[in-house]
Amino acid sequence: MASTSQSASRRSLRPHTTPNVRENARRQRERLLARQAELEALAGPIHEATDKLSKLEATVASRAQAPLKKIERLEQTRDRRIKKIQEQYAVKIAEIQQGMEAGTETLTPQEREQESSLLREYAEAIVTFSRSASASELAPLLGVSTREAKKLIMQAKADLGVADVAESAGSSSEDKQDDKQTVPAAS
């Protein structure tokens with residue numbers, strides 16, 4: 001059993017008087033503050049680890065987002081370049097179409113000279129061929145009808161200034177014979 005002095009001291013701790021109540025509340029606050037400080041000290045490593053983990057997660061997330069952001073930037077750059085190229089080519093196409101509509105595509109003097117020399121060569125070749133062969137032999141070579149081949153021969157001679165009356169008379173008699181081709185009757 002407890003002695004009277006011990007029971008008296010225990011009773012003095014009880015909050016039944018105003019000074020004891022204040023003292024007990026102060027001690028309780030001190031105990032709570034000490035426990036809170038102890039818990040905070042214990043939680044310090046937890047908070048540090050949590051902070052480090054959140055920083056690591058942020059780093060990993062930003063590293064994971066970096067390629068996506070880079071892809072997005074590249075796609076935007078590509079789209080801008082495509083748009084710019086499309087605009088440039090649209091302008092060039094419009095210029096060419098205007099040139100076509102205006103009919104400004106003409107031969108340069110050098111091209112005209114080359115064209116006339118080639119046409120002269122062509123006419124000479126036709127005249128040379130017609131001296132050794134008939135218009136009916138020229139027609140399949142050029143892919144035209146015999147009548148058209150004769151016109152080409154006459155045009156080539158006219159362009160070259162060759163006036164072979166005998167050949168033109170011979171060719172006109174060939175025309176008549178080619179036009180009047182008859183099929184022998186079956187007997």
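## Exercises on an all-helix model

Of the 187 residues in the protein, buried ones make up 11%. Keep in mind that you're working with a predicted model.

### Exercise 1: get the layout

Work out how many helices and strands the protein has, and write down their order.

**Solution.** Start with the counts: the protein has six helices and zero strands. Then walk along the sequence, and the pattern reads α-α-α-α-α-α.

### Exercise 2: find the core

Find the residues of the largest nonpolar core, then say which elements give two or more residues to it.

**Solution.** Step one is the residue list. The largest nonpolar core has 10 residues: A123, I126, V127, A135, L138, A139, A149, I153, A156 and L160. Step two is to map them onto elements: α3 (109-132), α4 (135-142) and α5 (146-160) each give two or more residues to this core. Step three, pick the top contributor: α5 gives the most, with four residues.

### Exercise 3: a salt bridge in helix α2

Take the salt bridge between E23 and R26, give its N to O distance, and explain how the two residues are placed along the helix.

**Solution.** First, the general idea: oppositely charged side chains can pair when their charged atoms come close. Here, the side chains of E23 and R26 meet at 2.1 Å, N to O, which is within the 4 Å cut-off for a salt bridge. Next, the spacing: E23 and R26 are three residues apart in helix α2, so about one helical turn separates them. Now check exposure. E23 has a relative accessible area of 25%, so this residue is partly exposed, and R26 is partly exposed too, at 33%. Finally, look around the pair: E23, R26, R27 and E30 are linked in a network of salt bridges.

### Exercise 4: two further bridges

Do the same for E38 with R35 and for E124 with R120. How many salt bridges does a search of the whole structure find?

**Solution.** Begin with E38 and R35, whose side chains meet in a salt bridge of 3.3 Å, N to O. They sit three residues apart in helix α2, so they're separated by about one helical turn. E38 comes out at 42% relative accessibility, which means partly exposed; R35 is partly exposed as well, at 43%.

Move on to E124 and R120. Their salt bridge has an N to O distance of 3.6 Å. Both residues lie in helix α3, four residues apart, about one turn of the helix. E124 is partly exposed at 36% relative accessible area, and R120 is partly exposed at 46%.

Last, the total: a search of the whole structure finds six salt bridges.

### Exercise 5: a nonpolar patch

Name the residues that make the nonpolar surface patch of about 270 Å², and place V60 within the helices.

**Solution.** The patch is made by L53, L56 and V60. V60 belongs to helix α2 (residues 18-102). Why can V60 count towards a patch? Its relative accessible area is 43%, so V60 is partly exposed, and patch residues need over 30%.

### Exercise 6: rings and charges

How many aromatic pairs does the structure hold, and which ring has the charged end of K92 sitting over it?

**Solution.** For the pairs, the tally is zero. For the charge, go to Y89: the charged end of K92 sits over this ring, 5.1 Å from its centre. That distance is within the 6 Å limit used for a charge over a ring.

Key: Residues are numbered from 1 along each chain as its sequence is written. This is a predicted model: local features need pLDDT of at least 70, side-chain atom pairs count only at pLDDT 80 or more; totals for chains, interfaces and linings use all residues. Side-chain values use heavy atoms; hydrogens and water are left out. Rings of Phe, Tyr and Trp (its six-membered ring) pair if their centres lie within 6.5 Å; planes under 30 degrees apart count as stacked, over 60 as edge-to-face and the rest as tilted. A charge sits over a ring if NZ of Lys or CZ of Arg is within 6 Å of the ring centre and within 35 degrees of the ring normal. Patches are made of residues with over 30% relative accessible area and no salt bridge: like charges are joined within 9 Å, nonpolar side chains (Val, Leu, Ile, Met, Phe, Trp, Tyr) within 5 Å. Accessible areas come from the Shrake-Rupley method with a 1.4 Å probe; for residues, only the protein chains shown count as cover. Buried means under 20% relative accessible area, exposed over 50%, partly exposed in between (1.4 Å probe, protein chains only). A nonpolar core is a set of buried Ala, Val, Leu, Ile, Met, Phe, Trp, Tyr and Cys residues joined through side-chain atoms within 4.5 Å.
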